[in-house]
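Here are my notes on the model you asked me to look over. Have it open beside you as you read.

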Amino acid sequence: MVQYPTARLDASFAALSDATRRGVLEQLGRADASITDLAEKFHMTLTGMKKHVSVLEQAGLVTTEKVGRVRTCKLGPRRLAEETAWIEAYRQLWASRFDELDKVVEELKQKEKADGRKRRG
Amino acid sequence: MDAKGEGDPTSGKNRTTVERKSERELVVTRTFNAPARIVFEAWSKPELFKRWWVPKSMGMSLLSCEMDVRVGGKYRLVFGVGGSKVMEVFGKYIEVTPHSRLVWTNEEGDEGGAITTLTFEEMGGQTLLVKHDLYPSKEALDGELASGAADGMPEQLDQLDEFLVTLGGSLGR
């Protein structure tokens, strides 16, 4: 298993624990946006949105760039690669476990059917 | 995640999903093509449980599997590689409602582990299984995620990781 840097994961999961911030990431996945755009879209004050963006920025999920008077936000280069990889490995573990469980379940189903026939017979 | 993980109509396998619901919660879901009583049975009888808990591809085995499935009853799973013990997990059942709900503790960690709640919801002959892990703190779940010690089974995930590597990116990519 790849060892993921704990501090970075802490920061990114903390950043992701908020619905607005997850929404901002989804939004930025579709297109870059200015803080003003984002504030409008999420019905929020400029200050409120700045705070959210700064949390995302510190977690490395978003980068911002000031051009003239407008600050443009875009997804960070790493996106959620590490988090996704962990979740995917964990999902694979459970998926293979459950595929085995399917076999046991299928056998129990057959047995139940056979027992039912015997009782009726 | 990508479309590759969706339920596969040719193999008939159902989709397993994992979601971090909050700072302290991790949730796994899966549907089984059988009534709840059967899925529940596979989780609560050791002779059945040990046939599927460790996927064959992982090279580990359950050396022993004790499960006393009743409120206050204990479980202990001992894992081994080639007959020698590598780790064990244990805890006790705090809720047992046949065919619909199982709750147990995971006590092998240092400062108390997650509480696992399993629910079995039957709908039209199928059973939706939801496994919900509630960690004692945000740090505990973060630690779990960061260490790769998923489900207290670092070795298992190591092997899973190797397994995925041997699949050479043909899976889930």
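1. Start with the buried side of helix H2 of chain A: A:Thr20, A:Arg21, A:Gly23, A:Val24, A:Leu25, A:Gln27 and A:Leu28 are all buried there. An α-helix has 3.6 residues a turn, so residues three or four places apart point the same way. Bear in mind throughout that this is a predicted model.

2. The length of H2(A) checks out. The helix covers residues 19–30, and at 1.5 Å a residue its 12 residues should span 16 Å; the end C-alpha atoms are 17 Å apart, which agrees. At the start of H2(A), look at A:Asp18: one of its side-chain oxygens comes within 2.9 Å of the backbone nitrogen of A:Thr20.

3. What does the sheet in chain A look like? It is an open sheet of 3 strands in the order S1-S3-S2, with antiparallel pairing. S1 (33–34) and S2 (62–67) are the edge strands, each pairing on one side only. Between S2(A) and S3(A) (residues 70–75), there are 6 bridges. If you want a landmark for the register, A:Val62 has A:Leu75 in S3(A) as its bridge partner.

4. Which helices pack on that sheet? H2(A) does, touching S1, S2 and S3 of chain A, and its direction makes about 90 degrees with that of S3(A). Helix H4 of chain A (residues 46–58) packs on the sheet as well, touching S2 and S3, with its direction at about 120 degrees to that of S2(A).

5. Over in chain B, have a look at the hairpin of S3(B) and S4(B). Strand S3 (residues 61–67) and strand S4 (residues 74–81) pair antiparallel over 6 bridges, and B:Leu62 sits opposite B:Phe79 in S4(B). There are 6 residues between the strands, and B:Gly72 takes a positive phi near 90 degrees.

6. Now for confidence. Chain B averages a pLDDT of 79, and 74% of its residues score at least 70. Among its elements, strand S6 (residues 101–105) has the highest mean pLDDT, 97, and helix H4 (residues 154–166) the lowest, 42. The pLDDT is below 50 over residues 148–173 of chain B, although that stretch has 58 contacts in the model beyond near neighbours in sequence. Residues 1–6 of chain B also stay under 50, with 11 contacts beyond four places in sequence. Where pLDDT is low, the predicted coordinates should not be read in detail.

7. For the complex as a whole, the predictor gives an ipTM of 0.75 and a pTM of 0.64.

Terms used:
Residues are numbered from 1 along each chain as its sequence is written. Chains are lettered from A and ligands numbered from 1 in the order in which they are written. This is a predicted model: local features need pLDDT of at least 70, side-chain atom pairs count only at pLDDT 80 or more; totals for chains, interfaces and linings use all residues. Side-chain values use heavy atoms; hydrogens and water are left out. Helices (H or I, at least four residues) and strands (E, at least two) are DSSP runs, numbered from the N terminus. The expected span of a helix is 1.5 Å times one less than its number of residues. Buried means under 20% relative accessible area, exposed over 50%, partly exposed in between (1.4 Å probe, protein chains only). A polar contact is a pair of N or O atoms within 3.5 Å; within protein, one must be able to donate a hydrogen and the other to accept it, and residues adjacent in sequence count only if both atoms are side-chain atoms. Two strands pair if DSSP finds at least two bridges between them. Contact means heavy atoms within 4.5 Å. Axes are lines fitted to C-alpha atoms, for helices over the stretch in contact, and angles run from 0 to 180 degrees between N-to-C directions. pLDDT is the predictor's confidence in each residue, from 0 to 100.
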